[in-house]
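Subject: Structure for your review

Dear colleague,

Please find below the structure that I am handing over to you. My notes on it follow, and I would be grateful if you read them with the structure open.

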Amino acid sequence: MEKLVSLCKRRGFIFQSSEIYGGLNGFWDYGPLGVELKNNLRDLWWESMVRNPPPGPDGDELQIVGLDCSIISHPRVWEASGHVGGFNDPMQTCRQCKKLFRADHVWEGLQESEWVKALRTEFPGVTADFLRPRLPDVIRWFESRGKKLAKGLAIVRNPTALKPRVEAEVAKRTEPRLADFLTLIGTEPGQRAQLPCPECGGDLTEPRQFNLMFETYVGAVRTEDDKAYLRPETAQGMFYNFKNVLDSTRVKIPFGICQVGRSFRNEVTPRNYIFRSREFEQMELEFFVHPSEADKWYQYWRETRYQWWCDLGLAGKNLRLRDHDQDELAHYAKDSGGCCDVEYAFPFAGEKGFTELEGIAYRSNYDLTQHGKVSGVNLDYFDQEKNERYVPHVIEPAAGLTRGLLAVLCEAYTVDESRPSPELMRFHPRLAPIKCGVFPLVNKEGMPEIAEQLYRDIRKQVGPAQYDAKQSIGKRYARMDEAGTPFCVTVDGQTVDEQTVTVRDRDTGNQIRIAIAQVIDYLKERV
Ligand code: GAP
């Protein structure tokens with residue numbers, strides 16, 4: 001991840017937001033290459049969901065329309081959706097260093113924590129039985145190095161009380177695990193046993209519920225009545241516009257509404273680069289169906305969405321589809337067909353190896369029923385042909401655009417030491433921010449003129465291109481490899497005589513010679 005993050009900054013994919021002011025945790029800016037890559041991913045999704053969706057499970061054309069809703073909506077939307085009452089994460093504060101943690105992320109945080117890493121490096125196998133004979137050394141470590149790295153830890157603050165207790169407990173335990181050991185050295189006598197703070201080892205408060213929605217005020221007065229929220233998901237706009245879409249278009253059930261846009265969550269612990277940020281982008285579909293057909297459509301979207309990510313080049317050992325366990329199911333999916341996630345093997349995925357990229361949920365008729373109740377507007381659907389009235393059920397494939405971008409970046413990042421410049425980004429040509437680099441071999445003998453004309457033609461007819469006449473040809477190829485440009489066209493001495501150029505393939509490094517007149521078709525076919 002460190003190498004990828006560094007390449008992304010160096011090449012202008014992603015910058016920390018307001019970096020010159022020290023940055024703002026959980027907020028990111030997309031640079032010149034990043035914005036192109038993100039827009040390409042977004043456009044591919046829109047194309048394959050709204051403009052040209054695949055055929056449905058029975059081979060029928062799908063009806064899917066788009067929306068672009070405001071980020072701030074009536075606050076009652078979020079009462080109806082359950083976000084005001086229930087969009088909470090349990091949060092713990094460290095009594096010593098005052099840092100905040102999501103209660104369910106403390107263990108993950110400890111595994112990445114400086115002081116735990118140092119402890120494990122010095123005492124590998126600190127989890128195992130071998131701890132017993134080395135316990136005196138481990139305790140001494142807390143009196144020296146640990147004192148500096150984890151000054152909040154109970155055993156550091158209160159060694160007189162903790163040392164005999166830890167010795168006694170370690171002697172008793174038959175299968176000591178790291179979590180048990182950390183709990184042991186992090187809990188003062190008489191306190192409830194719990195994991196210590198990943199930052200300083202201090203003790204954490206009881207978990208408190210923390211609502212993740214960003215609040216703001218609409219208008220000049222700032223009373224409770226003027227309070228509004230930045231949307232935490234794009235989904236609700238599609239539910240409260242259900243009737244508008246029905247009344248203004250000719251769609252009939254089954255049909256879908258799509259939206260791409262920004263969402264905001266005041267995450268307790270934004271982390272892992274753009275994976276969990278406080279401002280991010282989602283690509284969501286709400287697909288409305290007759291209750292009796294919900295299972296069929298759930299299966300359909302489950303497979304279709306998984307395949308979509310495969311087709312982008314994420315297929316193989318890094319991608320999987322995982323059904324939620326019963327205890328993971330969201331409140332609206334408890335009594336229905338279920339939920340699954342398309343998961344990607346992000347490098348920071350930890351013990352599980354994979355983590356969520358997109359969720360596909362069968363939401364039953366929860367949202368339309370809630371908005372019907374709270375707004376007082378009837379959101380039933382009337383099927384004229386069958387003379388049947390019902391509240392449609394919903395299948396929701398909800399993907400992260402920015403999280404998807406991170407998966408694409410991770411998948412593309414390649415180090416090949418056999419190449420003159422080992423780092424390259426192997427983007428699918430359709431996603432690549434720059435489609436073609438165009439170089440005159442030297443800046444004379446008619447080469448720049450031909451290259452400039454070719455560059456203009458490629459930009460107009462194929463897509464973004466980059467003209468580069470500076471430094472050696474090897475350095476120019478390397479720059480394009482890091483930007484993930486799939487093709488480079490070089491105008492050389494032979495071009496002037498024969499009207500041919502070389503085209504270099506990013507992934508193989510191989511070059512072929514083709515006629516200038518063929519370049520546009522060659523690139524179009526591959527992009
Ligand atoms: N409408 C359902 C919904 O929003 P979700 O699982 O909370 O479901 C859907 O979010 C997708 O949005 C996730 O799979 C993830 O890709 C993305 N996402 C959610 N929270 C995010 C965050 N804090 N930062 C980046 N992406 C996020």
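**Helix 2**

Helix 2 (residues 32–51) has 20 residues, which at 1.5 Å a residue should span 28 Å; its end C-alpha atoms lie 26 Å apart, and this agrees. The expected span is 1.5 Å times one less than the number of residues. Helices here are DSSP runs of H or I with at least four residues, strands are runs of E with at least two, and both are numbered from the N terminus. The buried residues of helix 2 include Leu33, Leu37, Leu41, Leu44 and Trp45, and also the polar Lys38, Asn40 and Ser48. Buried stands for under 20% relative accessible area, exposed for over 50%, and partly exposed for values in between (1.4 Å probe, protein chains only).

**Basis of the notes**

This is a predicted model, in which local features need pLDDT of at least 70 and side-chain atom pairs count only at pLDDT 80 or more, while totals for chains, interfaces and linings use all residues. Residues are numbered from 1 along each chain as its sequence is written, and side-chain values use heavy atoms, with hydrogens and water left out.

**The protein as a whole**

The secondary structure comprises 20 helices and 23 strands. Along the principal axes, the C-alpha atoms fill a box of roughly 85 × 70 × 50 Å. Of the 527 residues, 51% are buried. About 24800 Å² of the protein is exposed, and 49% of this area is supplied by carbon and sulfur atoms; the areas come from the Shrake-Rupley method with a 1.4 Å probe, and for residues only the protein chains shown count as cover. Among contacts (heavy atoms within 4.5 Å) between residues at least 6 apart in sequence, 66% join residues at least 24 apart.

**Nonpolar cores**

A nonpolar core is a set of buried Ala, Val, Leu, Ile, Met, Phe, Trp, Tyr and Cys residues joined through side-chain atoms within 4.5 Å. The largest such core holds 64 residues, and Trp301, Trp309 and Leu409 have the most contacts inside it. Helix 14 (residues 294–314) gives the largest share of this core, with 10 residues. A second core, separate from that one, has 32 residues, among them Val106, Leu131, Cys197 and Cys200.

With neighbours within four places in sequence set aside, the contacts of Trp309 include Met283, Leu319, Val342, Leu357, Glu358 and Ala399.

**Individual positions**

His83 belongs to helix 4 (residues 83–86). Its relative accessibility is 8%, so His83 counts as buried. Beyond the four nearest places in sequence, His83 is in contact with Trp78, Asn211, Met213, Pro232, Glu233 and Gln236. One of these partners, Met213, is 130 residues away in sequence, yet the two C-alpha atoms are 7.9 Å apart.

Thr183 sits in helix 11 (residues 178–186). Thr183 is buried because its relative accessible area is 17%. Outside its neighbours within four places, Thr183 contacts Ala193, Gln194, Leu195 and Pro196.

Glu167 lies in helix 10 (residues 159–172). With 41% relative accessibility, Glu167 counts as partly exposed. Residues up to four places away not counted, Glu167 touches Leu135 and Ile139.

Arg278 occupies the loop between strand 9 and strand 10 (279–289). Its relative accessible area is 16%, so Arg278 is buried. Neighbours within four places aside, the contacts of Arg278 include Asn25, Phe27, Phe214, Arg265, Asn266 and Glu267.

**Backbone features**

The peptide bond joining Ile253 and Pro254 is cis, with omega about 5°. Pro254 is in the loop between helix 13 (242–248) and strand 9 (255–264).

Asn387 is not a glycine, although its phi is positive, at about 50°. Asn387 is placed in the loop between strand 14 (381–383) and strand 15 (388–390). At 60% relative accessibility, Asn387 is classed as exposed.

Glu445 also has a positive phi, near 55°, in a residue other than glycine. Its loop runs between strand 19 (436–440) and helix 17 (447–461). Glu445 counts as exposed, at 56% relative accessibility.

Yours sincerely
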